[in-house]
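User: Could you take a close look at the pockets for me? I'd like to know what lines them and which elements supply the walls.

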Amino acid sequence: MAASAPSKPTACLALADGTVFFGTGFGATGDTVAELCFNTAMTGYQEIMTDPSYAGQIVTFTFPHIGNTGVTPEDDETVAPVAAGMVVKWDPTLASNWRATEELKDWLTRTGRIAIGGIDTRRLTRAIRQQGAPHAALAHDPEGNFDVEALVAKAREWPGLEGMDLAKDVSCAQSYRWDEMRWAWPDGYDRQEAPAHRVVAVDYGAKRNILRCLASAGCDVTVLPATATAEEVLAHKPDGVFLSNGPGDPAATGEYAVPMIQDVLKTDLPVFGICLGHQMLALALGAKTVKMNHGHHGANHPVKEHSTGKVEITSMNHGFAVDAQTLPEGVEETHVSLFDGSNCGIRISGRPVYSVQHHPEASPGPQDSFYLFERFAEAMAARKSS
């Protein structure tokens, strides 16, 4: 009996340097162009794909078992996936989890996101670490027809994240209230019915779980678009202001975000920022940000708090970092990455104004960093009682 002909690859990942990977496509068909990064988390692929901070990026998952637990609407960090695409080692198997409501493949197809399996993700990750996060084109065609030269050209022509303001693209269009708290067994998500503090959260690409953590810390949260002015923020008479995570180049978003933050800092309001919000606060205080070689993306990043010596296991997702050498007088570095020594937190000396680069809401510890939300609530309470 004659051997059957080998099946053609149905997906292609082309890097700007001309390196090409072929694999099995799933999810949506077509092609997309973005920066290629890798994430080392063993869980949370759905949260990663729906994290607005991943706008403009294709995510390579180093953990091979992606898709095994399916997806559930409860785990979405925003309405739909924001990451441009997904790269995995193995083709996802059928979901095996009591919470699953849909297969990963079907979810990606429905939401228009392209994925490729059968890739040597170790080799790809080594290339990203050694050469920096490359620009890449990802294509899925069930017939296996690819114009490789055209895909490489698209990757080379893509302008990259430096200078790109993506916060406007993922931010809310209008303000809204948030009262949903963190998930807890067996009831799921409860509502905050007795908030103690009014908080304005500026949405540069806010994850839902950040808002839930604020609500769980006793906050009545009003979310405003990324372009909100200081007048709009202060019109809500907040007890504190929160600056959210988000994608893109912080210097580009800072064109409109920094003036707002600087005006808010003229008040005595507590301010708390996470990720892009951390970078926005640093820029507003006079520091600078830099593009990292391959960024920090994962759920196992050790971060040390200087004041206590405590080491927290954190979740991270950023391709830019605050340059600690540019922090002005009166601004302290509070946290540092134990992987590479990069800055992971700042505060204004003697004031309840602080921010962190990692994601305390993502719970990799799982509760290592929730104290940051409690600290914010305590600062608001202290201001009201003074």
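Analyst: Here is a walk through the two pockets, with a short look at the barrel afterwards.

A word on the ground rules: this is a predicted model, where local features need pLDDT of at least 70 and side-chain atom pairs count only at pLDDT 80 or more, while totals for chains, interfaces and linings use all residues. Residues are numbered from 1 along each chain as its sequence is written, and side-chain values use heavy atoms, with hydrogens and water left out.

The largest pocket holds about 1100 Å³ of space. A pocket here is an open set of points on a 1 Å grid over the protein atoms alone, where a 1.4 Å probe fits, with protein on both sides within 12 Å along at least five of seven lines; lining residues have an atom within 4 Å of a point. Volume is the space filled by probe spheres set on the points, which are joined across faces, edges and corners. The largest pocket is lined by 45 residues, and Thr43, Gly44, Glu47, Asp75 and Ala362 sit closest to its centre. Elements giving two or more residues to this lining are helix 1 (45-49), strand 9 (180-184), helix 6 (208-216), strand 15 (289-305) and strand 16 (311-322). Helices (H or I, at least four residues) and strands (E, at least two) are DSSP runs, numbered from the N terminus. Helix 1 has the largest share, at four residues. By class, the lining splits into 15 nonpolar, 19 polar and 11 charged residues. Ala, Val, Leu, Ile, Met, Phe, Trp, Tyr, Cys and Pro count as nonpolar, Asp, Glu, Lys and Arg as charged, and the others, Gly among them, as polar.

Now the second largest pocket, with a volume of about 270 Å³. Its lining has 14 residues, and Phe38, Arg129, His294, Gly295 and His301 are the closest to the centre. Helix 3 (121-131) and strand 15 are the elements that give two or more residues to this lining, and strand 15 gives the most, with seven. The class tally is three nonpolar, nine polar and two charged residues.

On to the barrel. Seven strands form a closed barrel in the order 1-2-6-5-4-3-7, with mixed pairing; two strands pair if DSSP finds at least two bridges between them. Strand 3 (residues 30-39) and strand 4 (residues 57-61) run parallel and are joined by five bridges. Asn39 has Phe61 in strand 4 as its bridge partner.
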